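Please look through the sequence and the structure shown here, and then follow the paragraphs below, which move from the surface to the interior.

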Amino acid sequence: MENIVLYTVILAPLLGAFTLPIFGRISPKLRDIAALLYVAAALVCAAALVPFVLRGDNVYVAFSLPYGFSFGFLADALAVFMAVAATSVAVFIVIYSWGYINGHEHQNEYYFMVVLFIGAMMGLVFSTNLILIYTFWEISALCCWRLIGFYREELTIVRANKAFIVTVLGALIMLVGFVGIYGEYGTFDMMEMKGKTLPLWIVVLILFGILSKSATFPLHSWLPDAGVAPSPVTSLLHAAVLVKIGVYAYARLFVITFDISKAFTVALPVIAAVSALVSAGAAMTAKDIKRVIAYSTISQLAFILLGLSCGTETGFVGGLLYILAHSVAKGGLFLCAGIVEHSLHTKDLDKMGGLWRRFPLTAVAFALCAFSVMGIPPFSGFFAKYLVIEGIIDAGHPIIGAVFIAGAVMTVMYLTRVFALVFLGKESGYHPEAREGSTVMIGSVMALGVIALILGILIFLPGGLVSAVTEVI
């Protein structure tokens, strides 16, 4: 029975996506509901796997093929955690899209790419074969390319191409590293290589792909440029799926599966520290609301990478918790920005102000999500960031810890700046017709804001699943 549940998590969105253009020709409403059902099915089935992994009963299915190839899928605690985190946010993004995308052209392609994107994420997190991981990795890049260029304008096409080139080239370099692993051990199956040591050159090649996908400095510039996409797309990229693929791959490959040099427990935190400060500095000066939040994503991903790479269990737990906390809160921030942009038809912070009077619910939801990203107690982001910083200090690197404390302070500063420029002060007078978004849009952002708070108050709930991950390290 559990095998069927595992297949459903992957195949419901992956194969279901191909039916959406057909449904769209019959009835747009049928297509929209089907898109939600496919993603919701993945969420329900992923959640159904939680009891199995909590008691240590991993679900594993595999089909062996010649020359080291195989179709293997493993539902362990890490995979299930990532699946639940991604699909839970994706459900709200799809619902929000009903209000945001309505009236636009190419809706059939939009829903097809969004659901296929989720299916690729599910395939990747449960795969045990490196070539299969690479395949799903590239499917996500293709979806990213089409969704960033959704509006078909010259600027959106240029920036979609940029994102595609950076992430695909990074993946190709990573693929060379995967081939190097095959040369060393004669297999692509990670189940057969647990505890094996990788040569330095292979680790560096794979890390190049990981850092490009997770938009880590200096391979980060494509992510702020992706803000030209529709807001539910940017939420999908920044919160639920795309950039989380990179940090997941790091945890799967270099924490759970392979042994790497201890030097990386210093080198990667240093890279993360630079990425956090550079992007936080950019966020403090940007005037485009979505660009500010995008730079924030880069900075917060550095916290996640720090936790996963610092070499301590405390930091690793914090990094995993922040994957969930950041997914929920940053998804909400982008969707709130989308409501404002959708009504005002601008992303320029200088043309906003005093909007809390017209967007009271959006302002509340933005504040709730921002508090979590800032790390304000009792929001979930606070506990995650605290554990990450404690983990790097326990690892013997207090200077790096101090850098990230500074990064956390900068996060409070630039998100407070955005809230003040958008919602406080006097109305700019540019948009007297501005009003709240549709019911489904407001409902989605309010739900994510409330979840961000509840996750902090009930931190033991995701904490139990994260503890199950640490037991296999």
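Helices, as named here, are DSSP runs of at least four residues, numbered from the N terminus. The model is a predicted one, and with this naming in hand Leu-458 can be placed in the loop between α19 and α20.

Leu-458 belongs to a nonpolar patch on the surface, which it forms with Val-450, Ile-454, Ile-457, Phe-460 and Leu-461, and these residues together have about 550 Å² of accessible area. Two elements, α19 (439-457) and α20 (460-470), each give two or more residues to the nonpolar patch, and the largest share, three residues, comes from α19. Because buried means under 20% relative accessible area and exposed means over 50%, with partly exposed in between, Leu-458 counts as partly exposed, its relative accessible area being 31%.

Turning to the interior, one may take Phe-264, which lies in helix α13, a helix that covers residues 264-285. Phe-264 has a relative accessibility of 10% and therefore counts as buried. Apart from its neighbours within four places in sequence, Phe-264 is in contact with Leu-200, Val-203, Val-204 and Leu-207, and also with Pro-269 and Ser-309. The C-alpha atom of Phe-264 is separated by 8.3 Å from that of Cys-310, although the two residues are 46 residues apart along the chain.

Cys-310 is itself buried, at 3% relative accessibility, and Cys-45 is likewise buried, with a relative accessible area of 14%. A disulfide is a covalent bond between the sulfur atoms of two cysteines. A search of the whole structure for such bonds finds zero disulfides.

Methods: Residues are numbered from 1 along each chain as its sequence is written. This is a predicted model: local features need pLDDT of at least 70, side-chain atom pairs count only at pLDDT 80 or more; totals for chains, interfaces and linings use all residues. Side-chain values use heavy atoms; hydrogens and water are left out. Patches are made of residues with over 30% relative accessible area and no salt bridge: like charges are joined within 9 Å, nonpolar side chains (Val, Leu, Ile, Met, Phe, Trp, Tyr) within 5 Å. Accessible areas come from the Shrake-Rupley method with a 1.4 Å probe; for residues, only the protein chains shown count as cover. A salt bridge is a side-chain nitrogen of Lys or Arg within 4 Å of a carboxyl oxygen of Asp or Glu. Buried means under 20% relative accessible area, exposed over 50%, partly exposed in between (1.4 Å probe, protein chains only). A disulfide is a pair of cysteine sulfur atoms within 2.5 Å. Contact means heavy atoms within 4.5 Å.
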